[in-house]
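I opened this notebook page to keep track of what I looked up, beginning with one side chain and working outward to the whole chain.

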Amino acid sequence: MKKLAVAVGLAAVLFATAAEAMTVQEFLATAARIPRNPTALLRSDTRRLMDEVKGAFRTVREEQAAARSSGRTPQTCMPERISLSPDEILGRFNGIPAARRSISVTQAIREWMVERHPCPR
């Protein structure tokens, strides 16, 4: 029984750590370590950053859909497809003042899309 409790506790700690949102500062620090060449796509760090951005966009889209389905005006009216280069994303994140870089990547994407694709009020 103790082994089960330890296993459940360890799983909970690992899940909580994995579910923790990446900050813009962590994103930029990881991106700075990735070489700017075609082999970058083979690196796990590159895939992790790409997944983080994709997840952030998915979350903002889900918030947009939830607001619409409940009859509220969403914060953003993003089109179905958005094409952003890595340089655009890094440029935007680097443009965030150092004092605010502790926000999550999701919050940074949310703020960017509210600015870039606002909904008419």
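Which residues does glutamate 111 touch, not counting residues up to four places away in sequence? I looked this up in what is a predicted model, and I found that glutamate 111 touches Arg92, Arg100 and Ile103.

I then placed glutamate 111 in its surroundings: the residue is found in helix H5, and its C-alpha atom is separated by 9.0 Å from that of threonine 76, which is 35 residues apart from it along the chain. I noted glutamate 111 as partly exposed because its relative accessible area is 27%, a value that lies between the 20% limit for buried and the 50% limit for exposed.

Next I turned to the largest nonpolar core, which has 24 residues, and I wrote down Val24, Phe27, Phe57, Ile89, Phe93, Val105 and Ile109 as the members that touch the most other members. Helix H2 (24–32), helix H3 (44–69), helix H4 (86–94) and helix H5 (105–116) are the elements that give two or more residues to this core. I followed up valine 24 and, leaving aside its neighbours within four places in sequence, listed its contacts as Phe93, Ile96, Arg101, Ile103, Ser104, Val105 and Ala108.

Finally I recorded the totals. The chain has 5 helices and 0 strands, and 31% of its 121 residues count as buried. Among contacts between residues at least 6 apart in sequence, 61% join residues at least 24 apart. I also entered an exposed area of about 8300 Å² for the chain, of which carbon and sulfur atoms supply 59%.

Conventions
Residues are numbered from 1 along each chain as its sequence is written. This is a predicted model: local features need pLDDT of at least 70, side-chain atom pairs count only at pLDDT 80 or more; totals for chains, interfaces and linings use all residues. Side-chain values use heavy atoms; hydrogens and water are left out. A nonpolar core is a set of buried Ala, Val, Leu, Ile, Met, Phe, Trp, Tyr and Cys residues joined through side-chain atoms within 4.5 Å. Buried means under 20% relative accessible area, exposed over 50%, partly exposed in between (1.4 Å probe, protein chains only). Helices (H or I, at least four residues) and strands (E, at least two) are DSSP runs, numbered from the N terminus. Contact means heavy atoms within 4.5 Å. Accessible areas come from the Shrake-Rupley method with a 1.4 Å probe; for residues, only the protein chains shown count as cover.
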